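Colleague: Zoom in on the charged side chains for me, please, and follow them into whatever they lead to. Take your time and keep it connected.

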Amino acid sequence: MSIITAPPKYLPSDQAAPLPSGPRLSFSHRLPADSVHKTSAAEVLLTDAVRAGDGRFTVGAVWLRDRFLHHSGDGRSPDPLLLAETVRQALICLSHRFHGVPQGHPFVLDRLDLELADGAAPLRPGAPAHVTLDVTCARTVTTPRRTGLALEATASVDGVLIGRAGIRWEVLHPAFYQVVRYREARPEAGGAPEHPEAPLGPLRRLAPGEVGYPGDEHVLLARDSSGARGGFWLDPNPGHPVLFDHLSDHVPGMVLLEAFRQAGRALGAPLHPAGLSATFAAFAEPDVPVAITVTPGPDGPDGMDGTDGTDGMDRTDGPDGTDGPDGTDGTARMRTAEVTAAQRGVVLATARLAYPANRQETS
């Protein structure tokens, strides 16, 4: 949520930390869990972080295959939310280690942008991937009660680029966080009436296959009785070991991102988008219904604008060149999706997901 007006004055410059000398980036041990705001050491992705110059850092991470967020190991692009979580942990680590942010100061996510590189990724079956992040991290604003920081990163494995990400966040003094956290959020002028405030009738949790997972434990979405094709309700599992690693007074941003990609999948898109751009505007209360709304984006077939009467879907004939089995012109594949999370008429977060035409489903 964008509340920054200026880094806090209690934070020293990252230049106070000496440049590293001696050992290169290590991938042998995970960093302490509290250094990336995790409770379980098993959920820590980072292994090392060193300063490479003024505002430049190198961060090491290990990606495993047998986890909720994982790499496929089959040469295809990795899970984009795995890259997002790696960058999220990097911003926390660098803020504490090089920008002097004390433990216990809340972090508030403003914006996240990422894209995966085209082509095969050097991720090997059965082996963890050693990921290197080349990072620039700088303060954007500073006041006595809050600071804003921005991070840009490129991710590579064995020297091969696999993706890029940018993230902006705020660090708040604990007392000021309480003021910001519990102030009343109001709908903007004109509101967003297309976002319902409460479910219509009982909720039906989506089947795992509808959102691209083999098991029910990862499903975050449910439908009400309205029948709206792109309308869902957040139905999270608070016991999920990754998405709810520790207690929080609000729904975590990573939960909303996972719900966004599941919403796209439920409309027929691949589980793994190749890019996303998300903005966070307000805190999501954990005990109030959250509406998730997804619509195909404005990019029609062949990159044409959907305003010409198309619906933002690519359509292909059946495998033999005939119509699809349902009597239509074949299967529809979204090129982009626009997703919104809203609560009590207040927009909490929005995202645009991009799906390359040649991407194969990996679920």
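Modeller: A yardstick before we start: a residue is buried if its relative accessible area is under 20%, exposed if that area is over 50%, and partly exposed in between. Keep in mind, too, that this is a predicted model.

Let's try the yardstick on Asp216. Its relative accessibility is 40%, so Asp216 counts as partly exposed. Its salt-bridge partner is Arg205, and the closest N and O atoms of the two are 3.2 Å apart. Arg205 sits in strand β7 (residues 204-205) and Asp216 in the loop between β7 and β8 (221-223), which makes this a link between distant parts of the chain, 11 residues apart. Arg205 comes out at 26%, so it is partly exposed as well.

Next door in sequence, Arg204 pairs with Glu210, with closest N and O atoms 3.5 Å apart. Arg204 has a relative accessible area of 43%, and is therefore partly exposed; Glu210, at 29%, gets that label too.

Those pairs belong to a total of 11 salt bridges in the structure. Elsewhere, Lys38, Glu85 and Arg88 are joined up in a salt-bridge network. The pair I'd dwell on is Arg181 with Glu285, where the closest N and O atoms are 2.9 Å apart. This one also spans distant parts of the chain: Arg181 belongs to helix α2 and Glu285 to the loop between β10 and β11, with their positions 104 residues apart. How buried or exposed are the two ends? Arg181 has a relative accessible area of 2%, so it is buried, while Glu285 reaches 23% and therefore counts as partly exposed.

Arg181 is our way into α2. Buried along that helix are Phe176, Tyr177, Val180 and Arg181. Look down the helix axis and those buried residues fall within an arc of 135°, so they line one face of α2. What does that buried set pack against? The answer is strands: β3 (107-116), β5 and β6 (160-172).

Take one of those strands, β5, which covers residues 146-157 and has another charged residue, Arg146, in it. Arg146 has 14% relative accessibility, so it counts as buried. In sequence Arg146 and Glu170 are 24 residues apart, yet their C-alpha atoms are 6.8 Å apart in space.

Now for the aromatics, which bring us back to α2. There are 2 aromatic pairs in the model. One is Phe57 with Phe98, a tilted arrangement with 4.9 Å between centres and 45° between planes. Phe57 is in strand β2 (residues 56-63) and Phe98 in helix α1 (residues 80-98), so this pair ties together parts 41 residues apart in sequence. Phe57 is at 2% relative accessibility and so counts as buried; Phe98, at 8%, is therefore buried too. The other pair is edge-to-face: Tyr177 and Phe283, 5.9 Å centre to centre with 90° between the planes. Tyr177 is in helix α2 (residues 174-181) and Phe283 in the loop between β10 (275-280) and β11 (291-296), 106 residues apart. Tyr177 has a relative accessible area of 7%, so it is buried, and Phe283 counts as buried because its figure is 14%. Put that beside the salt bridge: Arg181 of α2 reaches the loop between β10 and β11 through Glu285, and Tyr177 of α2 reaches that loop through Phe283.

How does this fit into the nonpolar packing? The largest core has 82 residues, and those touching the most other members are Leu94, Val131, Val135, Leu151, Trp169, Leu257 and Ile292. Helix α1 gives the largest share of that core, 11 residues. Setting aside residues up to four places away in sequence, Leu257 is in touch with Leu81, Leu112, Leu276, Ala278 and Phe280. Besides that there is a second, separate core of 6 residues, among them Val108, Phe176, Tyr177 and Phe283.

Last stop, β11, at the far end of that loop. Strand β9 (residues 231-234) pairs with β11 in an antiparallel way over 3 bridges, with Phe232 opposite Ile292. Strand β14 (residues 336-343) also runs antiparallel to β11, joined by 6 bridges, and there Thr293 has Thr340 as its bridge partner.

Methods. Residues are numbered from 1 along each chain as its sequence is written. This is a predicted model: local features need pLDDT of at least 70, side-chain atom pairs count only at pLDDT 80 or more; totals for chains, interfaces and linings use all residues. Side-chain values use heavy atoms; hydrogens and water are left out. Helices (H or I, at least four residues) and strands (E, at least two) are DSSP runs, numbered from the N terminus. Buried means under 20% relative accessible area, exposed over 50%, partly exposed in between (1.4 Å probe, protein chains only). Rings of Phe, Tyr and Trp (its six-membered ring) pair if their centres lie within 6.5 Å; planes under 30 degrees apart count as stacked, over 60 as edge-to-face and the rest as tilted. The arc is that of the directions from the helix axis to the C-beta atoms. Contact means heavy atoms within 4.5 Å. Two strands pair if DSSP finds at least two bridges between them. A nonpolar core is a set of buried Ala, Val, Leu, Ile, Met, Phe, Trp, Tyr and Cys residues joined through side-chain atoms within 4.5 Å. A salt bridge is a side-chain nitrogen of Lys or Arg within 4 Å of a carboxyl oxygen of Asp or Glu.
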